[in-house]
Amino acid sequence: MARRRTGLSARYCRDEALVLSEYTTVMLQRSGCSQYGAVAGSDRESGEERDCADSERPRHPSWLAGVGKIAAAVNASTRLPHLLDLIARTACDLTGYEGSGVLLSDDDRRKLVISGVHGLSPDYVAAVNDRHTIALGSGPPADGPSSRAFVTQQPVPISDIQSDPSFEPWAHEATRHGYRAIVAIPMLVRGEAVGTLNCYRRVVHEFGSDELALLATLANQAASALQSTRLIASLTEQRRLLEQAEEIHRELTALALRAGGVQGVADALARLLSRPVAVADRNGAVVARAAVGDAGVGDPLPVEADLGSTGIADVPGAGLLSAPVMLGEEVIARGLPGDDDGLSELDRRAVEHAAIVCALEFLRRRTATDVEWRLRGDPLTDLLAGIDAESVAARAVPLGHDLTSPHTVVVAAPDDDPDAVRHVLGVAQTVADRCDPRPLVTTSGGHVVLLWPDPGRGPAAHDAADLIRTSARRVLDGRTVTAVVGHRRDRVDQLRPAVRTARGALDLGRLRSRDRTIALPELGVYGLLLQLDDPHELRRFTELTLDPLREHDDRRNAELVRTVRTYLDNGMNVARTATELYVHPNTVGLRLKRVEELTGLSMQNAEALLQLTVALMADDVLGSTDTS
């Protein structure tokens with residue numbers, strides 16, 4: 001496409017050259033058959049006369065040759081700076097002027113910059129571009145001939161710069177370098193100015209109308225050449241970007257098809273961007289890292305950073321960029337491609353594409369892990385369901401688990417959102433991956449249950465429980481988790497009762513406080529009651545003591561059980577009990593007397609009070625283990 005457009009541009013230049021040829025003939029004839037308007041005027045002032053035919057013959061072909069050079073340069077895909085210098089040199093060659101410059105507007109169209117020159121002093125060019133900028137707004141720097149020609153789209157000649165106040169900001173520099181007259185010709189493309197062609201003379205000079213008309217034709221031809229060169233450069237750059245985008249797509253797609261893994265994605269992206277890359281999971285742990293030379297990405301980012309779930313964002317205080325790796329609406333990881341220095345739009349697209357491939361790799365890994373954990377969790381699920389312990393232990397052996405070795409029971413659960421248990425399960429599985437041999441993990445009745453090998457290579461059971469809680473809090477956006485470290489058991493048949501005890505301890509412990517790791521001894525008498533192997537005797541004791549009160553409460557719609565519990569919790573203080581129950585102290589006294597009548601226990605006897613206390617605690621324990 002670029003070659004075709006180049007051919008069209010060259011043909012356009014040749015066609016316009018023919019028009020210019022005819023136009024030049026007319027202008028030369030109208031200008032007194034002189035070499036050029038400028039020379040004719042000079043000759044008239046000196047009183048010299050020249051032959052019309054002699055001056056026309058050599059100059060007419062030179063104009064065609066000059067325009068042809070510009071067309072040939074466009075056709076040869078000449079770089080823009082060289083083309084602009086060629087235009088300036090061609091203007092001097094065709095007119096006999098001592099200097100010429102091509103001025104282009106910046107992207108914001110706020111100033112003109114001398115971008116191509118011939119015959120102009122480098123010091124003069126630097127002074128105009130750096131210290132005496134040609135503005136396109138308002139004020140003295142915007143009233144000069146170049147600015148007016150650009151804005152009005154009309155030639156602006158100045159025969160003597162020393163006497164023209166509009167040229168005052170540049171007069172000193174121009175005079176110091178020997179320039180005395182200037183003309184600024186707008187360069188127009190489709191009715192819009194893109195710059196000016198400025199020509200300089202070292203003598204006072206009146207620019208004639210025919211002379212200006214020829215210069216305008218040359219400027220427009222130069223503008224067309226400029227536009228064609230820019231178009232060719234744009235098409236070339238687009239082709240380069242498309243080829244690079246295709247390479248990125250091909251490499252990352254091939255990586256996804258061959259299951260190159262997250263590390264493979266990091267390596268490929270680092271190679272494509274020529275910058276270090278890291279991939280961190282949602283907890284901030286680095287799962288893949290690729291360095292470039294000596295440069296690398298360190299420990300990536302604080303996981304609490306709010307980086308959003310769309311687009312590439314800066315990581316505050318880390319000097320990194322972060323690209324979210326998404327599965328559905330869930331941010332499962334982040335790609336960290338160094339800092340933003342020099343990252344092009346195509347590079348950013350490469351990062352986003354790599355994030356998609358990363359998501360596929362994480363999904364592949366998650367699927368494989370889910371299958372593995374399902375296989376590993378099945379024996380524990382069967383064990384909790386009451387299937388023969390010996391057969392469960394035998395099935396666990398091919399999975400790398402020896403249930404006949406010591407294991408510590410760990411139970412965890414979300415405090416406020418039962419539906420979040422699957423997220424807690426995922427965190428527990430991640431923590432379990434750090435232990436060898438890996439623990440068995442499953443869910444049961446809203447709890448996450450782990451059998452933690454002891455000893456094993458990895459964190460101890462209590463440390464693992466703390467790690468599960470803190471990691472889960474990040475995953476659950478601040479919502480809390482409570483965990484219990486239960487018994488250490490040596491035999492597989494002891495594990496199911498130990499899990500039941502730990503689950504009961506978790507439910508009891510959360511009645512007092514949440515977001516903590518509980519050890520059984522911390523529960524005191526409750527912990528002892530939970531460890532009774534036969535709950536039936538505990539239930540009989542509770543029923544014998546409390547059933548008379550419950551039956552009375554059901555018949556009379558009374559609150560004797562609640563009154564006894566509140567009375568004991570308040571240190572047997574009638575006044576505080578009445579306040580908590582919102583009744584008169586006399587009412588509390590009457591209820592306690594009725595309790596004594598129904599149970600045969602004296603509220604003044606320490607052993608009777610202990611019996612009531614233990615019965616209420618046993619009732620709590622039985623309630624906490626009903627789901628086992």
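How many residues of β5 are buried? I looked this up first and found 8 of its 9 residues buried, so I noted β5 as mostly covered (buried means under 20% relative accessible area, with a 1.4 Å probe and protein chains only). Helices (H or I, at least four residues) and strands (E, at least two) are DSSP runs, numbered from the N terminus.

A reminder to myself: this is a predicted model, where local features need pLDDT of at least 70, side-chain atom pairs count only at pLDDT 80 or more, and totals for chains, interfaces and linings use all residues. Residues are numbered from 1 along each chain as its sequence is written, and side-chain values use heavy atoms, leaving out hydrogens and water.

**The sheet**

Next I traced the strands. I found 6 strands in an open sheet, ordered β3-β2-β1-β6-β5-β4, with antiparallel pairing (two strands pair if DSSP finds at least two bridges between them). β3 (134-135) and β4 (156-158) stand at the edges with a single partner strand each, so one side of each has no neighbour in the sheet. I also jotted down that strands of a sheet pair through backbone hydrogen bonds.

Then I went pair by pair. β1 (residues 99-105) and β2 (residues 111-118) are joined over 6 bridges, and leucine 103 stands opposite isoleucine 114 in β2. Helix α5 (residues 122-131) packs on the sheet and touches β2, β3 and β6 (contact means heavy atoms within 4.5 Å).

Back at β5, I counted 3 bridges to β4, where proline 157 faces valine 183 in β5. On to β6: 9 bridges join β5 to β6, and alanine 184 stands opposite asparagine 198 in β6. The hairpin of β5 and β6 has 2 residues between the strands, and arginine 190 takes a positive phi near 55° there.

**The cores**

Which residues have the most contacts inside the largest nonpolar core? I found Val102, Met187 and Leu197, in a core of 33 residues (a nonpolar core is a set of buried Ala, Val, Leu, Ile, Met, Phe, Trp, Tyr and Cys residues joined through side-chain atoms within 4.5 Å). α3, α4, β1, β5, β6 and α8 each supply at least two residues of this core, and α8 (209-257) gives the most, with 10 residues.

I followed leucine 197 a little further. Not counting residues up to four places away in sequence, leucine 197 touches residues including Ile87, Val102, Val183, Met187 and Leu218. Last entry: a second, separate core has 27 residues, among them Leu273, Ala323, Val351 and Ala354.

Technical notes
Axes fitted to C-alpha atoms, helices over the stretch in contact; angles between N-to-C directions. Buried < 20%, exposed > 50% of the residue type's maximum accessible area, 1.4 Å probe, protein only.
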